[in-house]
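Let's take a walk through a structure together, one region at a time. Have the viewer open and follow along at your own pace.

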Amino acid sequence: MALENLFKVVTTRFNGNSEKTDQKPVNSNNIPDNLLFKCPRCRNVVFEDEYKALNMVCPKCGYHGRISASERIELTVDKGSFIETNSNMLSKNPINFPDYDEKQQALRDKTGLSDAIITGEATIRGIPVVIGVMDSRYMMASMGSVVGEKVVRAFELATQKKKPIILFTASGGARMQEGILSLMQMAKTSGAAAKHSEAGQLYITVLTDPTTGGVTASFASLGDIIIAEPKALVGFAGRRVIEGTIKQRLPDDFQLAEFLLEKGFVDMIVERKKMRSVLSHVMRLHGYEKEVL
Amino acid sequence: MNDKTAWERQCLIREKTRPTVNDYIPLIFDEFYELHGDRHYGDDAALMGGIARIDGIPVTVLAEVKGRDLNENKKTNFAMPHPEGYRKALRLAKQAEKFHRPVICFIDTPGAFCGIEAEERGQGEAIAKNIMEFMRLKTPVTSVVLGEAGSGGALALGVCDRLAMLENALYSVISPRGCASILWKDASREHEACEILKITAEDMVRLGVAEAIIEEPNGSAHYDVYKIAENIKEFLVKTLKENSSKNIDILLEERYSKFRKIGEFTE
Ligand SMILES: [Zn+2]
């Protein structure tokens, strides 16, 4: 029996927030579910090990899945070169939002993250760079005060040290739990991006699955070069919000990286395995060279 | 002193009789010429722009337009702009910069429109670009929230030197309805979400987002449109005088640092 047929046909959509609506898969061969990966794009089922061996890329359709910030850093920068910045920054509960503190503590314990982004300095094929990586496991990588402040400080560090900056984005949008302060992070980060740009330095955005809402409507859309990973979901409004407005189902490829490329909002789509190479070449084309020790 | 709850204010600003920017413009400005189009795709009636004169000073006006009836709302899409609306705003803001005209923004939107075409034409990019460019626009920018200021669609006209809220106006990162659906899976609890989210004019001043609250006569703008227009005009004229006397580089530095310092965290 083909692996794909291990499951009942799933009739729900494949995209974005599918977890809640998907039917529980029936596993007739008694393979534990946690050994299998069901691709949210092509709906095929593969062994988790195979998916992981490809660094979370679906072997059937090439969907580039979500990976943790630390895995991303390991895949992207030169071994041992990463020095984290502002690792102790924690958000407060500025509007006393119910259960926000408890929710964050639980996520900190579970993920080891302090908030939804890790920033730092590193080299990529010897070229010094400031890097920030968002992690969707932490409150869907929503942007509150900490994400905003760390992005701004990363831009400031890059401006001061005349370095390029690369931000790997993933986000559900602004963080509701911090109210209006979260919205203001959009202004703050965009302003810092402008200052880095005025200093003549290069900003590369890498849009990963999923990048939406206030992050799309601020720093994620402001890179000099905007790269996306294959089949990453990128948009302003959520699919369900739009479907609620238009009262019909959206096409499957709506808001995927390939759609954005076609519409003119992405410079290139780059596979994960080629990312280091592309990033380093693009940086060199902008005059950034290997650090001479 | 406004003792209404956020929910009471929310109900008030949703009333059809609440004045809109179309009521205010003739009362505040001596002249107003609407200018159309983003020069890329089209003209968005949800976000109106034009040149005007206030107290003798030429200014550029940008405004999200609530309709006063269903017909007007059909035309202005209930004040929910598409990307071409934001791009028109940016075009006119850059024009204002060229001719050294201050920019005045009136914010009154539930949010940027969420739809297929808005996505296809880059709603996120359009808002991001406005936010970044307004941050460094070399002319004074003053914004006034007339009714509701919904999320990124409001912020696209909200990066300014001074922000005033009408006393019953609300500014929120998410619609209270949306917040209630996420939090309790029950949109009908929006009145509770209204209070939790801290969205009133007083909250905005306390949180460093707004600098001024404009008094609504007898508790609401409905009751006396002439008086409320006068109050808005008084704020605008005073702010224009203060800002135009400042060196533009200092003004830009202050604008940047106003936003730069917003956020609460420990380290
Ligand atoms: Zn797949």
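What follows moves from the contact between the chains to the spaces in the structure, and then to some local details.

Please keep in mind that this is a predicted model. A good place to begin is where the two chains meet. The contact draws 52 residues from chain A and 47 residues from chain B. Interface size is often expressed as the accessible area that is lost when the parts come together. Here chain B and chain A bury about 4300 Å² between them, and 73% of that area is on carbon and sulfur atoms.

What about the polar side of this contact? Between chain B and chain A there are 13 residue pairs in polar contact, counting pairs with both residues at pLDDT 80 or more. On the side of chain B that touches chain A, several elements give two or more residues, among them helix H5 (116-120), H6, helix H7 (151-155) and helix H12 (248-260) of chain B. Strands take part as well, since strand S7 (170-172) and strand S9 (265-266) of chain B are also in that group. H6(B) gives the most to this side, with nine residues. Sorted by class, the side of chain B that touches chain A has 26 nonpolar, nine polar and 12 charged residues.

Salt bridges cross the interface too: the rule finds five of them between chain B and chain A. To look at a salt bridge up close, find A:Glu198 and B:Arg136, whose side chains meet at 2.8 Å, N to O.

Now turn to the open spaces. The second largest pocket holds about 370 Å³ of space. It is lined by 23 residues, and the closest to its centre are A:Ser221, A:Leu222, A:Ile226, A:Phe265 and B:Glu125. Two elements give two or more residues to this lining, namely S8 of chain A and helix H6 (123-135) of chain B. H6(B) gives the most here, with five residues, and H6(B) is also what gives the most to the side of chain B that touches chain A. By class, the pocket lining has 10 nonpolar, nine polar and four charged residues.

How many cavities of 30 Å³ or more does a search of the whole structure find? The search finds one, and the largest cavity has a volume of about 70 Å³. Its lining includes A:Arg66, A:Ile67, A:Ser68 and A:Arg72, along with A:Met134, A:Asp135, A:Thr208 and A:Asp209. Strand S6 (127-134) and strand S8 (203-211) of chain A each supply at least two residues of this lining. By class, the lining has four nonpolar, three polar and four charged residues.

A:Asp209, one of the cavity-lining residues, leads to a backbone detail. Most residues other than glycine have a negative phi, and most peptide bonds are trans. The peptide bond from A:Asp209 to A:Pro210, however, is cis, with omega near -15°. A:Pro210 is found in strand S8 of chain A. A second backbone detail is at A:Asn86, where phi is near 50°, a positive value in a residue other than glycine. A:Asn86 lies in the loop between strand S3 (83-85) and strand S4 (90-91) of chain A.

Finally, step back to the structure as a whole, where a search finds 48 salt bridges over all chains. Within chain B, B:Arg9 forms a salt bridge with B:Glu202, with the closest N and O atoms 2.8 Å apart. This pair links distant parts of the chain, with B:Arg9 in helix H1 (residues 6-14) and B:Glu202 in helix H10 (residues 201-206) of chain B, 193 residues apart.

Notes: Residues numbered from 1 in each chain as written. Chains lettered and ligands numbered in written order. Heavy atoms only, no water. 1 Å grid on protein atoms, 1.4 Å probe; cavity = no way out; pocket = protein on both sides within 12 Å on 5 of 7 lines; lining within 4 Å. Points joined across faces, edges and corners; volume = space filled by probe spheres on them. Helix = DSSP H or I, 4+ residues; strand = E, 2+ residues; numbered from the N terminus. Nonpolar A, V, L, I, M, F, W, Y, C, P; charged D, E, K, R; others polar. Contact = heavy atoms within 4.5 Å. Buried area = accessible area lost by both parts, 1.4 Å probe. Salt bridge = Lys/Arg side-chain N within 4 Å of Asp/Glu carboxyl O. Polar contact = N/O pair within 3.5 Å; in protein donor to acceptor, adjacent residues only side chain to side chain.
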